[in-house]
Amino acid sequence: MKTCIRCKESKELTDFYKHKERKDGLQSICKTCANLASANWRKNNPESSLAITKKSQEKHKDETKLRVKVWNQENKEKLVGYQKKYRSNNKEKVSISEALYRATHKEEINNRNALARKKSKDKKLSQGVESKKVKTKRVSSGKSAAQSAKRRATKLNAVPSWLTKEQWDEINAVYRRAQMIEERTGIPQEVDHEIPLQGENVCGLHVPWNLLVFSVTGNRVKGNNFDPVAYTEYYLPMLKEIK
Ligand SMILES: [Zn+2]
């Protein structure tokens, strides 16, 4: 036990922060008093406080990035759930910020768009794959397309066990919708996953909110390198635009 020199209370040693230069290796005031003091200081010195926070964030930038990446890898289902939940709870906010982002980053979006297309083309070429033939999964029969997608996703462990009947209906409806578009327009359609099922960093799920209908001839920008930041800031607004 140790007595705090500020509140004079006798407390456990774990109630004190460490202090290397002191004899017992602990601060003389308890954690409660220390937290209070630092909160007071921050309140009275907002500018210095902000500068310190920024400096610390800058210092730990790489560490934080890595931690986020690892977390995302280990919490795929949660991530998809959070994104879905956030988007549905903040529809207006999301659409405003996406519109704003698109409006202020036109050139950047176009450049990244072109770069992503080129990268994906190069990758296919280097793999000796004839791009469209292999990538095209036509949906001329909505039902069988939905079934084979389910089989593929199951093989990749991308079908969550918690999907409800309603959600399966939703999934099937996406394939039916694609089929209808294809029949009406004569333009081959493709249903794919917004977050790829076999991504390098994050693997998406075979769930209704991860499905997208693409026109095969339209611009399709999606790689298997999922980057959460790029995803939120860049892919989402863009995918929305394509849809
Ligand atoms: Zn105290």
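**Exercise 1. Determine which residues of helix α9 are buried and how they are placed around the axis.**

Solution. In the predicted model, the buried residues of α9 are I171, V174, Y175, A178, Q179 and E182. They cover an arc of only 125 degrees around the axis, which puts them on the same side of α9. The next step is to inspect the other side of α9, where K165, E166, D169, E183, R184 and T185 are exposed.

**Exercise 2. Check whether the end-to-end distance of α9 agrees with the span expected at 1.5 Å a residue, and describe what follows the helix.**

Solution. Helix α9 comprises residues 165-185, that is, 21 residues. The expected span is 1.5 Å times one less than the number of residues, which for α9 gives 30 Å. The end C-alpha atoms of α9 are 30 Å apart, so the two values agree. Just after the helix, G186 adopts a positive phi of about 75 degrees.

**Exercise 3. Apply the span test to helix α3, then establish how many of its residues are buried.**

Solution. Helix α3 covers residues 61-74 and has 14 residues, for which a span of 20 Å is expected at 1.5 Å a residue. Its end C-alpha atoms are 20 Å apart, in agreement with that value. Burial requires 20 or more other C-beta atoms within 10 Å. The number of buried residues among the 14 of α3 is zero, so this helix lies largely in the open.

**Exercise 4. Describe the largest nonpolar core and the surroundings of V174.**

Solution. The largest nonpolar core has 20 residues, and those with the most contacts inside it are A158, V174, Y175 and V191. Two or more residues of this core come from each of α4 (76-89), α8 (142-155) and α9. In soluble globular proteins, nonpolar side chains tend to be buried together. Leaving aside residues up to four places away in sequence, V174 touches V191, P208, L211 and V213.

**Exercise 5. Locate K8 and N157, two residues other than glycine with positive phi, and classify each as buried or exposed.**

Solution. K8 has a phi near 65 degrees and lies in the loop between β1 (2-3) and β2 (10-11). The criterion for an exposed residue is 12 or fewer C-beta neighbours within 10 Å. K8 has 8 C-beta neighbours inside 10 Å and therefore counts as exposed. For N157 the phi is about 55 degrees, and its position is the loop between α8 and α9. N157 has 11 C-beta neighbours inside 10 Å, so N157 is exposed.

**Exercise 6. Relate the sequence separation of T154 and H206 to their distance in space.**

Solution. T154 belongs to helix α8 and, with 11 C-beta neighbours inside 10 Å, counts as exposed. T154 and H206 are 52 residues apart in sequence, while their C-alpha atoms are 8.5 Å apart. For the protein chain, among contacts between residues at least 6 apart in sequence, 64% join residues at least 24 apart.

**Exercise 7. Summarise the protein chain and state where the pLDDT is below 50.**

Solution. The protein chain contains ten helices and four strands, in the order β-β-α-α-α-α-α-α-α-α-α-β-β-α from the N terminus. Of its 243 residues, 16% are buried. The average pLDDT is 79, and 81% of the residues score at least 70. Residues 130-136 stay under 50 in pLDDT, and the model has six contacts for them beyond four places in sequence. Residues 218-227 are also below 50; this stretch has 27 contacts in the model beyond near neighbours in sequence.

Definitions and conventions
Residues numbered from 1 in each chain as written. Predicted model: local features only at pLDDT ≥ 70, side-chain atom pairs only at ≥ 80, totals over all residues. Arc of directions from axis to C-beta. pLDDT = per-residue confidence, 0-100. Contact = placed C-beta atoms within 7 Å. Core = buried A, V, L, I, M, F, W, Y, C linked by C-beta atoms within 7 Å.
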